[in-house]
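Student: I would be grateful for a close look at one part of this structure, namely the place where strands pair beside the nonpolar core. Please take me through it step by step and then set it within the whole chain.

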Amino acid sequence: MINRILKKNRLVGIMVVLSLALIFQCCSSNPHYMSVKTNKVPIMDGLIDEVWNSAKIDTLKGEMCGAEWDGPKDFSVFFRCLWDDKNIYFFFNVLDDKKIKNFNPIVPWFENDVIELFFSPARKIKDENISHFGFLYGVDSMLVVNNNRSSKDIKYKIIDTNSGYNLELMIPWKEIAGINPHEGISIPFNIEASDCDKTDTTKGIYYGRDISISWSPKSCRRTWQQTINIGSLHLVGLKEN
Ligand SMILES: [Ca+2]
Ligand SMILES: [Ca+2]
Ligand SMILES: [Ca+2]
């Protein structure tokens, strides 16, 4: 009898440990970003405004797809994020040794030097409610939103730096489906950036991206249709000075 009770308790103990391990594995692998509210709109010029000092700098390091990475100077992506009642704002600083000014028209837009943002009302294995935005280097006149639809209300600017480029952008909340922004909300969110370093597009050969890096682990090149593993964007209040 005592043996049976001990066995049962041991089994329960193992199950509790396994459950805790699964929960820890699930939630600890998903990154979080605390986005501070701003009472001043940054100027969309690709340069750091003073207001950006209140936003934490984070980097993309979740998962890398592709084998052609030559180190941090080849491709690294740092970002900050702020929000207010009307818009969400991002500032990206990208290290890229070869910027493709005339992006390759024979490959899909996401195979070029590009930053992609993904927002969703809820994480799903097959998600049809993703708001997907793509910002291509060297393509100031074109913006890819939700794969084909562009919006003049989304403002952004890309400028060259010595080591790569900066991208500063604002997206009105009304462009992001199913999100009601307010302090305390947590939005399923991911970023993915791709690096193309090949310039010869004259021979009709398929030159595309060398690598992509996602912010969330287990999500590289998958978030366009699957959000189950993506991270969280927390909207927090104005920072006290
Ligand atoms: Ca600025
Ligand atoms: Ca590069
Ligand atoms: Ca590049």
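Tutor: Strands E11 and E12 pair in the antiparallel sense, and four bridges join them. One of these pairings places Ala 193 opposite Ile 213, its bridge partner in E12. The model is a predicted one, and every value that follows is computed from it.

Strand E12, residues 211–214, also pairs with strand E3, residues 63–65. These two strands again run antiparallel, and three bridges join them. Here Cys 65 has Ser 212 of E12 as its bridge partner. E12 therefore has pairings with both E11 and E3, since pairing requires at least two bridges, and the counts are four with E11 and three with E3.

Let us now follow Ala 193, which lies in strand E11. Is this residue buried or exposed? Ala 193 counts as buried because 25 C-beta neighbours lie inside 10 Å, and the threshold for a buried residue is 20 or more. Leaving out residues up to four places away in sequence, Ala 193 touches Leu 60, Val 77, Val 94, Val 114, Ile 115, Ser 212 and Ile 213. Two names in that list are already familiar: Ile 213 is the bridge partner of Ala 193, and Ser 212 is the bridge partner of Cys 65. The chain also brings Met 64 towards this region: 129 residues separate Met 64 from Ala 193 along the chain, yet their C-alpha atoms are 9.7 Å apart.

Ala 193 leads us to the largest nonpolar core, which has 41 residues. Which members touch the most other members? They are Cys 81, Phe 92 and Ala 193. Strands E4 (75–83), E5 (87–96), E6 (114–119), E7 (131–136), E10 (164–172), E11 (186–195) and E13 (231–238) each give two or more residues to this core. The largest share is that of E5, with six residues. As for Phe 92, its contacts beyond four places in sequence are Val 77, Phe 79, Ile 115, Asn 166 and Leu 167. Val 77 and Ile 115 are thus found among the contacts of Phe 92 and also among those of Ala 193.

Beyond E12, the chain enters the loop between E12 and E13, where Lys 218 is placed. Lys 218 is not a glycine, yet its phi is positive, at about 55 degrees. This residue is partly exposed because 14 other C-beta atoms lie within 10 Å. Arg 221 is found in that loop between E12 and E13 as well. Its phi is near 60 degrees, again a positive value in a residue other than glycine. Arg 221 counts as partly exposed, with 15 C-beta neighbours inside 10 Å.

Finally, we may set this part within the whole. The chain has one helix and 13 strands, and the helix precedes the strands when the elements are read from the N terminus. Buried residues make up 31% of its 241 residues. Of the contacts between residues at least 6 apart in sequence, 65% join residues at least 24 apart. The mean pLDDT of the chain is 86, and 81% of its residues reach 70 or more. Over residues 16–27, however, the pLDDT is below 50, and this stretch has zero contacts in the model beyond near neighbours in sequence.

Key:
Residues are numbered from 1 along each chain as its sequence is written. Chains are lettered from A and ligands numbered from 1 in the order in which they are written. This is a predicted model: local features need pLDDT of at least 70, side-chain atom pairs count only at pLDDT 80 or more; totals for chains, interfaces and linings use all residues. A nonpolar core is a set of buried Ala, Val, Leu, Ile, Met, Phe, Trp, Tyr and Cys residues joined through C-beta atoms within 7 Å. A residue is buried if 20 or more other C-beta atoms lie within 10 Å of its own, exposed if 12 or fewer, and partly exposed in between; C-beta atoms are placed from the backbone. Two residues are in contact if their C-beta atoms, placed from the backbone, lie within 7 Å. pLDDT is the predictor's confidence in each residue, from 0 to 100.
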